[in-house]
Every structure is written in structure tokens, then in C-alpha cells.
Amino acid sequence: MNLQSQEYEQGKRSKMTPEHLFTFRCGPGVSCYTQCCQDVSIVLTPYDVVRMKMALGMSSDTFLEKYTVVIPKKGKLIPLVILKMREDKDKKCPFVTETGCSIYEHRPWPCRMYPLDMDDDGTFRFISDALRCKGLAEKDPWRIGDWLVDQGMVPYDRMNTLFAGITVPLQSQDLDIDNPRIFQMTFMALYNIDKFREFVFRSSFLDRFEVEKERIEKIKRNDEELLRLAFDWIKFGVLGQKLFWIKDKEPGGPTE
Ligand code: SF4
Ligand code: SF4
């Protein structure tokens, strides 16, 4: 059995680790090129939105309005944010062109991962096969871990791990929150980073919370740093983690 058929056979199993080998190549030469960029459901994380709106040079407000569908989940604080496909019969992604993805350097996590997906336990499985995704019939050998690095996954994994620090504890809870403001503020902090920046700098946020000067300088300009602050703020406000210090309540000490 050659490497390709051997690993493809292995790849049919789920629970692959980063050490697992597979064969794959995608690019303009494959006959199915860009076919996976239509009629597909792509769930966006907060970091995906930051990167995509950066690629497009637009505000997060405009990006959310123009390119996403937000679907509330009953009893859950955080909705699903889905990339909106074009509304014609092909339902193509708004960013696909004949020559590929127009935001390739900033494409979202699921597009980097395809044709693999990662399960909650951190193992990998194929979500396509060599009949539909011809790249899986190519002979270029990859170790999954190396392939993920090649796909630019490192910053995505870093930020999505921080996001999971919110979503995983919330998964098991049906929240009894009836104040719509909490839903709005959570969504703004996670997904509408430009509005969250306005909130931090134009409300009493910095008068109420201790934030180091160095961090304040970083979040003025850096969306990734600001998103880290947003994650901390949600963990503080919703999960009760002592990541913020209130200035006037207990100077020098954590808030209850
Ligand atoms: S964002 Fe890019 S890679 Fe992802 S579906 Fe759209 S065109 Fe394809
Ligand atoms: S289906 Fe597979 S080989 Fe074809 S364009 Fe998509 S990822 Fe590439």
C-alpha cells in the first residue's frame, strides 16, 4: 500500500492526531478549484471577524451587517455568526473569485482547516473525500501538524483557545439572563471590536477598571490586543473570573 492510499485509508477514521500523515494539494491546478467556496455554512469566531474586516478595510459594524447572519441560540449568551453566502442560485461565498479567495491571507478558520475539521477533544477528521475534494487524491505528503502551521493556524489557535475559555464553561449552562443589555454588550465585545473600542475609550470603562498604561496604548491600535481585553472582560462579567480590578471600590484589590 503506498503512502497515499495508506493514509487515506487511515484518514477515513476520525480521531487523527497532529502526527497523522495524509496527502493533499489544493491550487488552481485541481479540477474542483474553488468549488468548496459555495453553499457552505461557515461559523465565524471573533478572531475570524477581526481578520476579515481588516482584510476588507471596513469597520466591524459594516462587516457584520454586510457579510454575516447572526443566529441567536435559545438559552445561550453567544449567538452563531455565519458568513453570508451570495443570494443567487450558486450561493457562492462573496469573496471567491476565479483565481481563488480574495481575502486568502485573512480567510477564516474553517477555510484554513478544510478538508479537515477538529473535534472538541482536539483530534482531527476529514469532512470531505477524494471524490469531492480532488486535492485529497494528490500525492503531496503532509503531517497534520505541519499542514496546520502552513495554513497560518497558529494565531487562530491562540485566539480561539482564549475564546473557548468563555464558550466551554457556558456550554453546560442554560443562562437565566433576561436583561437584553447583557446579550448586546457580550456580542459587541466579542464580535463588534470597533464598537467595543469606542465603548472602552468613550464610556467610564477606564475610570472604573484598572488597565495598565501599556495595555491601553496597545488596545488603541491593535484589534487582537483589544479582543484579548474583551475576552477578559466577558470572563470577569459573566463567569466571575477576577481578571479586572475596580478602581474606586477596592483600590489595589480584586472586586467581588
Ligand atoms: S472566505 Fe475565501 S476560502 Fe473561505 S469560502 Fe470564502 S472564498 Fe473560500
Ligand atoms: S474541494 Fe479541496 S481541492 Fe477542491 S478547491 Fe476545495 S480544498 Fe481545494
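A crossing of two helices is called left-handed if the near helix is turned anticlockwise from the far one by less than a right angle. In this predicted model, helix 7 passes helix 11 in just such a left-handed crossing. The axes of helix 7 (residues 180–191) and helix 11 come within 8 Å and cross at roughly 155 degrees. Because angles over 145 degrees count as roughly antiparallel, helix 7 is roughly antiparallel to helix 11. On the helix 7 side, the contact is formed by Thr-186, Ala-189 and Leu-190, which face Ala-230, Trp-233 and Ile-234 of helix 11. Sorted by class, the residues of this contact are five nonpolar, one polar and no charged.

Helix 11 has further partners. Helix 6 (residues 153–171) packs against helix 11 (residues 223–237) at an angle of about 15 degrees, and their axes are 9 Å apart. That angle makes helix 6 roughly parallel to helix 11, and the crossing of this pair is left-handed. Helix 6 contributes Met-159, Leu-162, Phe-163, Gly-165 and Ile-166 to the contact, while helix 11 contributes Glu-224, Leu-227, Arg-228, Phe-231, Ile-234 and Lys-235. The class count here is seven nonpolar, one polar and three charged residues. Ile-234 of helix 11 thus appears in the contact with helix 6 and also in the contact with helix 7.

With helix 8 (residues 193–202), the geometry is a crossing at roughly 70 degrees, with the axes of helix 8 and helix 11 coming within 10 Å. Helix 8 is therefore roughly perpendicular to helix 11. Here Ile-193, Phe-196 and Arg-197 of helix 8 meet Asp-223, Leu-226, Leu-227 and Ala-230 of helix 11. Five nonpolar and two charged residues make up this contact, with no polar ones. Leu-227 takes part in this contact and in that with helix 6, whereas Ala-230 is listed here and in the contact with helix 7.

At the level of domains, the assignment for the protein chain gives domain 1 (3–154) and domain 2 (177–256). Their centres, taken over C-alpha atoms, are separated by 31 Å. The contact between them takes 13 residues from domain 1 and 14 residues from domain 2. On the domain 1 side, the elements giving two or more residues are helix 2 (46–56) and helix 3 (60–67). Helix 2 gives the most to that side, with five residues. By class, the side of domain 1 that touches domain 2 has 10 nonpolar, two polar and one charged residues.

Two ligands are also present in the model, and their surroundings can be read residue by residue. Around ligand 1 lie Cys-37, Cys-93, Phe-95, Val-96, Cys-101, Ile-103, Arg-107, Pro-108 and Cys-111. This shell has eight nonpolar, no polar and one charged residues. The shell of ligand 2 includes Cys-26, Cys-32, Cys-36 and Cys-133, together with Tyr-114, Pro-115 and Lys-134. In class terms, the shell around ligand 2 divides into eight nonpolar, three polar and one charged.

Some backbone details complete the picture. Tyr-114 and Pro-115, both listed around ligand 2, are joined by a cis peptide bond with omega of about 10 degrees. Pro-115 sits in the loop between helix 4 (109–113) and strand 6 (116–118). Asp-39, a residue other than glycine, has a positive phi near 45 degrees. Asp-39 belongs to the loop between strand 1 (21–23) and helix 2.

How values were computed: Residues numbered from 1 in each chain as written. Chains lettered and ligands numbered in written order. Predicted model: local features only at pLDDT ≥ 70, side-chain atom pairs only at ≥ 80, totals over all residues. Axes fitted to C-alpha atoms, helices over the stretch in contact; angles between N-to-C directions. Helix = DSSP H or I, 4+ residues; strand = E, 2+ residues; numbered from the N terminus. Parallel < 35°, antiparallel > 145°, perpendicular 65-115°, else oblique. Contact = placed C-beta atoms within 7 Å. Nonpolar A, V, L, I, M, F, W, Y, C, P; charged D, E, K, R; others polar. Domains from an automatic or database assignment. Near = placed C-beta within 6 Å.
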